[in-house]
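The following note is offered to a colleague beginning work with protein structures. Please read the numbered points with the sequence and the model side by side.

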Amino acid sequence: MLNASFSIEKLIQNLSNFAIQYFPEITSSNDYLLNNHKQFKHLTLVISDYQTAGRGQWERKWVAKPNQQILFSLLYRIPKMTDLSGLSLVVGVAIVQTLRKNFSHLGASNTYLKWANDLLFQGKKFAGILIEIVSFDEKFWSVVIGVGINHQPEELDIETSSLIEMLGNDIPREDILIQLLPELVENLMIFEKQGFGVFQAQFNHLDHFYQQPIHIQTADKKYQGIEQGVDQYGNLLLEVENKLLSFSQGDARIVKR
């Protein structure tokens, strides 16, 4: 099954609530949805085997060989009155919950989250999230949720992990998506109605850096302290010299001993 393309027929059959578009190759699935969002309906799902201009947080390039990752972007329309704080964390919770619920017996119980957009297995990144938002009309945002999950291990890259390393099994990529996407949409619907607060405890339970010494780099300064999870808005909490600081953005990393 290695390097096999997606079984689009299987996805369409099992994900009937989604408007699925598949591309063997595309520049960026996020860009494609952002540039065409007004033409597409809610829950349009773009899947690709390879992206020539994929990117992650901070405009970092997302590099992947063809057919070795799960790459998708989802268009989700949400009212402009909705507080979007913590949205990327909700997506991360959905992915980890899906893996733990369906594949813990294969090793997925050791998956965790790293604020704000990374997913880890045994401390190594195996997935990332990129959320971009544009105005649809006076009442709704078009939210584009981009996800990249390593399916196969990257050669000679000791800093990352993959689903095959995690599960010890070559589970077809479409089977992962069939489990993941309904869980993701369910979480998004709850978020839309209740906000991030109902997910705060779940995120903190899955937070790989919780109560660990970390440093966080903002645009102009680096802070070091003990990570204390996130608040009800998804902001990172860092204890520095007996003071609790809150961060809405930044790059958090573990302090190496």
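1. The model under review is predicted. Its largest nonpolar core comprises 64 residues. Those with the most contacts inside this core are Leu11, Phe18, Phe72, Ile95, Trp115, Phe126 and Ile149. Helix H3 makes the greatest contribution to the core, giving 10 residues.

2. A second core, separate from the largest one, has seven residues, among them Ile26, Leu33, Leu34 and Phe40.

3. Phe18 deserves a closer look. When residues up to four places away in sequence are not counted, Phe18 touches Leu43, Leu45, Leu74, Leu181, Pro182 and Val185.

4. One of these partners, Leu43, has a backbone feature to note: its phi is positive, at about 70°, although the residue is not a glycine. Leu43 is located in the loop between helix H2 (29–36) and strand S2 (44–48). Is Leu43 buried or exposed? Its relative accessibility is 9%, and because buried means under 20%, Leu43 counts as buried.

5. Glu241 also has a positive phi, near 50°, and is likewise a residue other than glycine. The loop that holds Glu241 runs between strand S10 (236–240) and strand S11 (243–247). With a relative accessibility of 74%, Glu241 counts as exposed, because exposed means over 50%.

6. The peptide bond that joins Trp115 and Ala116 is cis, with omega at about 5°. Ala116 is placed in the loop between strand S4 (111–114) and strand S5 (118–121). Trp115 was named above among the residues with the most contacts inside the largest nonpolar core.

7. Both residues of that cis bond also appear among the contacts of Leu89, a residue of helix H3. Apart from neighbours within four places in sequence, Leu89 is in contact with Trp115, Ala116, Phe196, Phe203, Val230 and Gly234. How far apart are Leu89 and Val230 in sequence and in space? They are separated by 141 residues in sequence and by 9.8 Å from C-alpha to C-alpha. Leu89 has a relative accessibility of 3% and therefore counts as buried.

8. The second largest pocket holds about 480 Å³ of space. Its lining consists of 22 residues, and Gly86, Leu87, Ser88, Asn117 and Ser248 lie nearest the centre of the pocket. Helix H3 (87–103) and strand S6 (124–135) are the elements that give two or more residues to this lining. Which element gives the most to the lining of the second largest pocket? Strand S6 does, with five residues. By residue type, the lining divides into 11 nonpolar, 10 polar and one charged.

9. For the protein as a whole, six helices and 12 strands are present. The radius of gyration is 18 Å, close to the 18 Å that the globule rule gives for 257 residues, so the protein is as compact as a globular protein of that length. Along the principal axes, the C-alpha atoms fill a box of roughly 55 × 50 × 30 Å.

10. Two further percentages complete the description. Of the 257 residues, 53% are buried. Among contacts with a separation of 6 or more, 66% are between residues 24 or more positions apart.

Methods. Residues are numbered from 1 along each chain as its sequence is written. This is a predicted model: local features need pLDDT of at least 70, side-chain atom pairs count only at pLDDT 80 or more; totals for chains, interfaces and linings use all residues. Side-chain values use heavy atoms; hydrogens and water are left out. On a 1 Å grid over the protein atoms alone, a cavity is a set of points where a 1.4 Å probe fits but cannot get out, and a pocket is an open set with protein on both sides within 12 Å along at least five of seven lines; lining residues have an atom within 4 Å of a point. Grid points are joined across faces, edges and corners, and a volume is the space filled by probe spheres set on the points. Helices (H or I, at least four residues) and strands (E, at least two) are DSSP runs, numbered from the N terminus. Ala, Val, Leu, Ile, Met, Phe, Trp, Tyr, Cys and Pro count as nonpolar, Asp, Glu, Lys and Arg as charged, and the others, Gly among them, as polar. A nonpolar core is a set of buried Ala, Val, Leu, Ile, Met, Phe, Trp, Tyr and Cys residues joined through side-chain atoms within 4.5 Å. Buried means under 20% relative accessible area, exposed over 50%, partly exposed in between (1.4 Å probe, protein chains only). Contact means heavy atoms within 4.5 Å. The radius of gyration is taken over C-alpha atoms; the globule rule is 2.2 Å times the number of residues to the power 0.38.
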